[in-house]
Amino acid sequence: MTKIEWKPQYETGIPIIDEQHKRLFARLDAVQRAVVQGSPREEIGDLLQSLMAETVEHFRTEEAIMAQHGFPDLLAHIREHELLTEKLGELAQRFEDSQDAMALLVTTFMGGWLRHHISEGDLSYARFIKSGHPDSSSGDLLLALWDQGAIKFL
Ligand SMILES: [Fe+2]
Ligand SMILES: [Fe+2]
C-alpha cells in the first residue's frame, strides 16, 4: 500500500499552512495504518473524526488567508473545499454503516485529493500571496464577508 506522506513539492512557504498540510497527511497515514493493523473499530472511527475536524479547521484557515489577501479565485477554491467536506462526510457515514475497510476509501480518496488540491489550488494562492499582489484593497471586505458566512455556494 502506498504510504501517504507530505513531500517538499507541496511546500507553500506559508508556515501555518505547511504545518496543517503535514498534519493532515500524518492523520491519513494513521487511519491507513490503523485499518491495516486491524485496530478496534472505535479507534478507527475516532481517527476519522479527528481527520475530518482538522480538515475543516484547515479549510477555514486557508479561506481566511485567501480572503484577507483578496485572492481572485477564492470562490472556486472554497467550492473545492466544500465538495471535499461533503464527500468526506458521505464516506465517513458509509464507514459507520459497513466494514472497517471503508476507512481505506477515505484515505485513498482524500490522499489523492489532497495531493492534487495542494499542487493545483493551494500552491496557486500561495504564489499570489507571496508575489505581493498589487491589488489587495478588497481584502478587508472579503475577509469580513467570509467571516460572516456570506461567501457561500451551497
Ligand atoms: Fe485549499
Ligand atoms: Fe490546503
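**Close-up 1. Surroundings of Ile44 in the predicted model.** Neighbours within four places in sequence are left aside here. Ile44 is then in contact with Val31, Ala34 and Val35. Its other contacts are Ser39, Asp100 and Ala103.

**Close-up 2. The largest nonpolar core, with 18 residues.** Ile44 is among the residues with the most contacts inside this core. Leu28, Val31, Leu47, Leu48, Ala103 and Val106 are the others named in that group. Four elements each give two or more residues to the core: α1, α2 (41-68), α3 (74-97) and α4. The top contributor is α1, with six residues.

**Close-up 3. A second core, separate from the first.** This one has ten residues. Among them are Ala67, Ile78, Ala126 and Leu142. In soluble globular proteins, nonpolar side chains tend to be buried together.

**Close-up 4. Packing of helix α1 (residues 15-36) on helix α4 (residues 102-130).** The two axes lie 9 Å apart, and the helices pack at an angle of about 160 degrees. Angles over 145 degrees count as roughly antiparallel, so α1 and α4 are roughly antiparallel to each other. Their crossing is left-handed.

**Close-up 5. Residues at the contact of α1 with α4.** From α1 come Ile17, His21, Leu24, Leu28, Val31, Gln32 and Val35. They meet Ala103, Leu104, Val106, Thr107, Met110, Gly111, Leu114, Ile118 and Asp122 in α4. By class, the contact has eleven nonpolar residues, four polar and one charged. Leu28, Val31, Ala103 and Val106 of this contact are also among the residues with the most contacts inside the largest nonpolar core.

Terms used. Residues numbered from 1 in each chain as written. Chains lettered and ligands numbered in written order. Predicted model: local features only at pLDDT ≥ 70, side-chain atom pairs only at ≥ 80, totals over all residues. Axes fitted to C-alpha atoms, helices over the stretch in contact; angles between N-to-C directions. Parallel < 35°, antiparallel > 145°, perpendicular 65-115°, else oblique. Left-handed = near helix turned anticlockwise from the far one by under 90°. Contact = placed C-beta atoms within 7 Å. Nonpolar A, V, L, I, M, F, W, Y, C, P; charged D, E, K, R; others polar. Core = buried A, V, L, I, M, F, W, Y, C linked by C-beta atoms within 7 Å. Buried ≥ 20, exposed ≤ 12 C-beta atoms within 10 Å, placed from the backbone.
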